Amino acid sequence: MPLRNFELSMWAEACEVLDRAERLHRQFFRPVAMHVKRRAWEPPIDIYETLDEFKIMVALPGVEPEHISVSLEEGHLIVGGRRYLPVDVGAEIQRLEIPYGRFERSIELPEGHFKLSAHEFSNGCLLISLRKIG
């Protein structure tokens with residue numbers, strides 16, 4: 001491959017990576033509209049499926065477990081709560097990139113019946129297990 005084509009290929013790949021990062025950033029910080037009357041931010045999630053269950057990991061660093069709610073509503077798993085700013089009210093904020101305040105994530109579940117079988121909070125992540133029924 002000639003050097004010029006290699007440089008163009010590398011440039012195109014770098015632009016694609018930046019575009020993907022920008023889309024993820026917009027997704028992470030977009031306000032939630034569904035089921036929410038007030039503005040909220042959405043935490044990122046990972047979903048794993050086994051034969052018997054779905055496991056959903058929700059990234060919530062800095063959120064206290066008592067400030068989290070989990071519910072099943074009309075084919076959706078709803079994870080909500082609040083992350084509080086960990087500084088004094090009088091502090092002068094120099095930079096604020098981590099979202100604070102109310103959060104909610106509505107995860108559409110596939111067809112079927114599910115039961116919330118367990119959830120645990122570890123290392124800043126909430127791991128939710130939904131058992132498949134029937």
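Strand 3 and strand 4 (residues 76–83) are tied together by six bridges, running antiparallel. Across that pairing, Ser-71 sits opposite Ile-78 in strand 4. Keep in mind that this is a predicted model. The pair belongs to an open sheet of three strands, and there's an open sheet of four strands to look at too.

**The three-stranded sheet**
- The strand order is 3-4-5, and the pairing is antiparallel.
- Strand 3 (68–73) and strand 5 (101–108) take the edge positions with a single partner strand each, so each has one side with no neighbour in the sheet.
- Going from one strand to the next, the twist averages 15°.

**The four-stranded sheet**
- Here the strands line up as 1-2-7-6, again an open sheet with antiparallel pairing.
- Why do strand 1 and strand 6 (113–122) each have one side without a neighbour in the sheet? They stand at the edges, and each has just a single partner strand.
- The twist in this sheet averages 20° from one strand to the next.

**Zooming in on strands 1 and 2**
- Strand 1 (residues 45–49) and strand 2 (residues 53–59) run antiparallel, with five bridges joining them.
- How many residues does the hairpin use to get from strand 1 to strand 2? The connection goes through three residues.
- Ile-47 has Ile-56 in strand 2 as its bridge partner.
- Glu-49, meanwhile, stands opposite Phe-54 in strand 2.

Notes. Residues numbered from 1 in each chain as written. Predicted model: local features only at pLDDT ≥ 70, side-chain atom pairs only at ≥ 80, totals over all residues. Heavy atoms only, no water. Pairing = 2+ DSSP bridges. Helix = DSSP H or I, 4+ residues; strand = E, 2+ residues; numbered from the N terminus. Axes fitted to C-alpha atoms, helices over the stretch in contact; angles between N-to-C directions.
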